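Me: I would like to go through this structure step by step. Could we begin with the inside and then take one helix?

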Amino acid sequence: MSKNLNLWDKAKREGRRLSFITAYDCTFAKLADAAGVDGVLIGDSVGMMVGGDPHTLFVSLEQMEYHTRIVARGVSNALVMADLPFGSFEESPEQAFGAAVRLVKAGAQIVKLEGGAAMADTVAFISARGIPVCGHIGLTPQHVHQFGGFRRQGKTQEAASKLFDDAVTLADAGARMVLMEAIPSDLAREITQRLAVPTIGIGAGPGTDAQVLVMHDVLGLNPDRAPSFAKAYLDGATLMREALEQYAGEVRSGSFPTTPEADLTKLKS
Ligand code: KIV
């Protein structure tokens, strides 16, 4: 139901809450899609989750293109959103449009970029040329050095009202969605009520139209690095380690494989 962006607008009007999750490859994207998750985000968090980087700043546009292509291949129903990585869009609207085109050609239906009112012209430029854009405000990880770490945003009245203005300005510029990360719930709810376009929250409380989480956090794959607002629905790290220990143990002991030769007739294509 969610392929078409207009359906997301309709869901907002009807008060139906939608889910997003990050995915970085075809296998995980297929699982999310089959589970009925409404949107799949190829986040630049790929650098941290898959690459083990300390932040998202090392991710290139080429990497984002590759991961977008292999995620889109696994998705039939969910909306496919891809991040414009650090350095690929800030210089000018033209630079941003060029990068957005590459992600759309790789399979994205909407691109996400970090930044508030300062990015309004860029959002307007890309949107006017036919590419839907999601604005990302609050804790924008690409600004980690400016923030001095991954810190909650919008804590003072002044900071909150700046974020409110950012959200309204982005929506007025043509953003089809606004994602809010690690900001106070009340503020996220107020912004959601003010905007006609859907809002997506992460660490922003229950008052947004949609929620997004990082796949590795939902599956409990990186428990030591998960932010406090994330929820693990599975102890994936333990389950996977146990499976791998069992496999290694069986190979060591000789209990796997059980047949002396590979049975070629049973190989999957
Ligand atoms: O890159 C990412 O995974 C994101 C989410 C945390 C929203 O932008």
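Reply: The answers below take up the core, one loop residue and one helix. This is a predicted model, in which local features need pLDDT of at least 70, side-chain atom pairs count only at pLDDT 80 or more, and totals for chains, interfaces and linings use all residues. Residues are numbered from 1 along each chain as its sequence is written, and side-chain values use heavy atoms, with hydrogens and water left out.

Me: Which residues touch the most other members of the largest nonpolar core?

Reply: They are Phe-20, Met-177 and Ile-200, in a core of 73 residues. A nonpolar core is a set of buried Ala, Val, Leu, Ile, Met, Phe, Trp, Tyr and Cys residues joined through side-chain atoms within 4.5 Å. Buried means under 20% relative accessible area, exposed over 50%, and partly exposed in between (1.4 Å probe, protein chains only).

Me: Is Thr-208 buried or exposed?

Reply: Thr-208 is buried, because its relative accessibility is 3%. A polar atom of its side chain lies 3.5 Å from the backbone nitrogen of Gly-201.

Me: New topic: which residues of helix H9 are buried?

Reply: In H9 (residues 185-194), Leu-187, Ala-188, Ile-191 and Thr-192 are buried. Helices here are DSSP runs (H or I, at least four residues), and strands are runs of E with at least two, numbered from the N terminus. Those buried residues lie on the same side of H9 because they cover an arc of only 135° around the axis, taken from the directions from the helix axis to the C-beta atoms.

Me: And what does the face turned away carry?

Reply: That face of H9 carries the exposed residues Asp-186 and Gln-193.

Methods:
A polar contact is a pair of N or O atoms within 3.5 Å; within protein, one must be able to donate a hydrogen and the other to accept it, and residues adjacent in sequence count only if both atoms are side-chain atoms.
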